[in-house]
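Trainee: Could you take me through one part of this model closely, the place where the two chains meet? I'd like a connected account rather than a list.

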Protein chains: 2
Amino acid sequence: MQESPGFIRVSHVLMYDTFYAALLKIGFTPEKASVCSEVFTTNSLEGVYTHGVNRFTRFIDYIQRGFIDIHAEATRKHAAGCIEQWDGLLGPGIINAIKCTDQALVIAQQHGIGCVALANTNHWMRGGYYGWRAVEKGFVLISWTNTNANMPAWGAVDSKVGNNPLVIAVPYQPQPIVLDTAMSQYSYGSLDLYKLKNEKLPTPGGYDQEGNLTDDAHAILETRRVLPIGFWKGAGMSLLFDVLATILSAGLSTAEITKNPVEHSLSQIFIAFDLKKLSNFSTINQSIAQIIADFHQSTPIENGKKVRYPGERIESTKQENLKLGIPVSEKVWNEILNLSL
Amino acid sequence: MQESPGFIRVSHVLMYDTFYAALLKIGFTPEKASVCSEVFTTNSLEGVYTHGVNRFTRFIDYIQRGFIDIHAEATRKHAAGCIEQWDGLLGPGIINAIKCTDQALVIAQQHGIGCVALANTNHWMRGGYYGWRAVEKGFVLISWTNTNANMPAWGAVDSKVGNNPLVIAVPYQPQPIVLDTAMSQYSYGSLDLYKLKNEKLPTPGGYDQEGNLTDDAHAILETRRVLPIGFWKGAGMSLLFDVLATILSAGLSTAEITKNPVEHSLSQIFIAFDLKKLSNFSTINQSIAQIIADFHQSTPIENGKKVRYPGERIESTKQENLKLGIPVSEKVWNEILNLSL
């Protein structure tokens, strides 16, 4: 995706150091600067550029415009057994999401399941990061966030629902299964990339001015009528994720977030399952191995092109980017190097 | 859908009585015959014919062939805080699903969240039924089931994943929000109906022999390459739902279920949230009302055709069917009347 004219490769070490220096300069504590730099770098290293390096300048911009309070940190407002309501106090989304993921694991260790519902937080960048964090500690994570209104309801032309990404992560050796998917077929970040490279989308991704389904990112960016996954089905799921995030966290809904000048003060849900509590814990990896073995026996459409499960390709992307450097648009990288802090 | 030549209207009272008599005759206790008849009738009354009246003869067939044990009932195998593992003992899916939904509510009342993971059960017919049951008692329900392999993984031609329906139900006055959606764009039941009526699908629903996306139900029924919602996204979600249902319940996976001669011995998850435990309980209905008010302000594609949230149309369908009778294919109804029991 990021391999083409105008793109360079930046080592993960240089990328981390660049982020870290910028965050220190803008006033982060060394500890929080380190955490945020690590997440932005890991997301990029693992191929999720749209929610890694490509969003760093916007993160800085939101801090400078006062939408993100770099010193605020989520705190617990209310606890009721295995569900807790936290207030993100408009702190950095990454810091808040890590804290709430970790707290969901703590609750799950006690109750079997732990749920943290987080209000007033900011963009978590890549939801999958928190899924990987949970599975590395042996927990299942189901998590989602609401967003501003960026997708039409089914049967509508204007955006009233968010694309509300969902993460489902399951520990599995040798390679965890981590799904990280927005309820729109393509994120605006992806549409921008396809437009930039003047490439057709692999599948229809939204509607053009005439109301026809199209694979032309440019046309979709004009109408902003992005396609929900499964037409009315994804639009419906998205509404439900917003309703749940809002009521469980006592936070803002997509409708309320959209009244803000930029996307901030989001509501998020983190639900962890402690597999060690189950009667069949010792055989779980083997059960998953059987499922995956059968899955991998699928007959591919293209000869030799084996099917992959969610998260399976990440390790090879990471290894390639560790070796060759992380691909970044020269323009994006220069903007980061030239940030006025 | 069911309004055309060859279709008749049957009153819900007659339908219930017909089911009830058949179930008594096949050996059900009066109590369980009543529960199953009520669910089959309600599903039909509320417009989900494919998982109501249209499946009744198959339910009887599976009982007669010994796949469903009409006297078995789910029992708890293991409890760990707010998560419990139950064994369905191959009892009727409806009876087991009701019992496990109700138990999830009991656990949620104690812990805030309650999860019952159910192994060795049978088809629950319409998952939404259990969502409605939970919301009527004031609880959120998130629930899903695995199925046999009926959908290809992304990039594959043969079916290796299930369409694993997901239910998300949220209490809301005046009309609950209940999403009930398979991970395939159309169920085989729907494809059969479109084929029967020789109508095009409203959106692409799968692939034809040449590997092209098509809205021709007949062509899709030939290849059995049904479209996952959101292409790779729904195929990925479906795999994760199967993995979770299997490992949390210690039950059979889609791969294992598919080895059976018919679809039985399924794994299901029921997760309830007790909203009364939350700090903002008293304002939740109002929060949802704000979301729905904004949602309803969407600009419709077709003038005057207001957008609807999941479950919103059910009440009017129900009222119509209560008044006019439930539409049923004459052929289906005659098969039910002529069952050899």
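Mentor: Happy to; here is the interface, followed by a look at the chain that builds it.

A word on conventions comes before the details. This is a predicted model, in which local features need pLDDT of at least 70 and side-chain atom pairs count only at pLDDT 80 or more, while totals for chains, interfaces and linings use all residues. Residues are numbered from 1 along each chain as its sequence is written, and chains are lettered from A and ligands numbered from 1 in the order in which they are written.

Let's start with how the copies are arranged. Chain B is superposed on chain A by a rotation of 180° with 0.0 Å of shift along the axis, at an RMSD of 0.0 Å (a least-squares fit on the C-alpha atoms of residues with pLDDT of at least 70 in both copies). The two copies are therefore related as by a two-fold rotation axis. In chain B, the residue that comes closest to this axis is B:Gly230, with its C-alpha at 2.4 Å. Both copies use the same surface, since 100% of the contact residues of chain B recur in chain A.

Now to the surface itself. Across it, 67 residues of chain B are in contact with 67 residues of chain A, where contact means C-beta atoms, placed from the backbone, within 7 Å. On the chain B side, the elements that each supply at least two residues include strands E2 (75–80) and E3 (83–87), helix H4 (93–111), helix H8 (232–249) and H10. Here helices are DSSP runs of H or I with at least four residues, and strands are runs of E with at least two, numbered from the N terminus. H8(B) gives the largest share, 12 residues. By class, this side of chain B has 37 nonpolar, 22 polar and eight charged residues; Ala, Val, Leu, Ile, Met, Phe, Trp, Tyr, Cys and Pro count as nonpolar, Asp, Glu, Lys and Arg as charged, and the others, Gly among them, as polar.

One helix pair lets you see the two chains meeting. Helix H8 of chain A (residues 232–249) packs with helix H10 of chain B (residues 284–296) at an angle of about 150°, their axes 10 Å apart. Those axes are lines fitted to C-alpha atoms over the stretch in contact, and angles run from 0 to 180 degrees between N-to-C directions. The crossing of H8(A) with H10(B) is right-handed, meaning that the near helix is turned clockwise from the far one by less than a right angle. From H8(A), the contact takes A:Leu239, A:Asp242, A:Val243, A:Thr246 and A:Ile247, and from H10(B) it takes B:Ile284, B:Ser287, B:Ile288, B:Ile291 and B:Phe295. Seven of these residues are nonpolar, two polar and one charged.

A helix pair inside chain A is worth setting beside it. Helix H4 (residues 93–111) and helix H5 (residues 128–136) of chain A pack at about 35°, with their axes 10 Å apart, and H4(A) also passes H5(A) in a right-handed crossing. There, A:Ala97, A:Ile98, A:Thr101 and A:Leu105 of H4(A) meet A:Tyr130, A:Arg133 and A:Ala134 of H5(A).

Finally, step back to the chain as a whole. Chain A holds 12 helices and 13 strands, and its C-alpha atoms fill a box of roughly 55 × 55 × 45 Å along the principal axes.

Conventions. Two residues are in contact if their C-beta atoms, placed from the backbone, lie within 7 Å.
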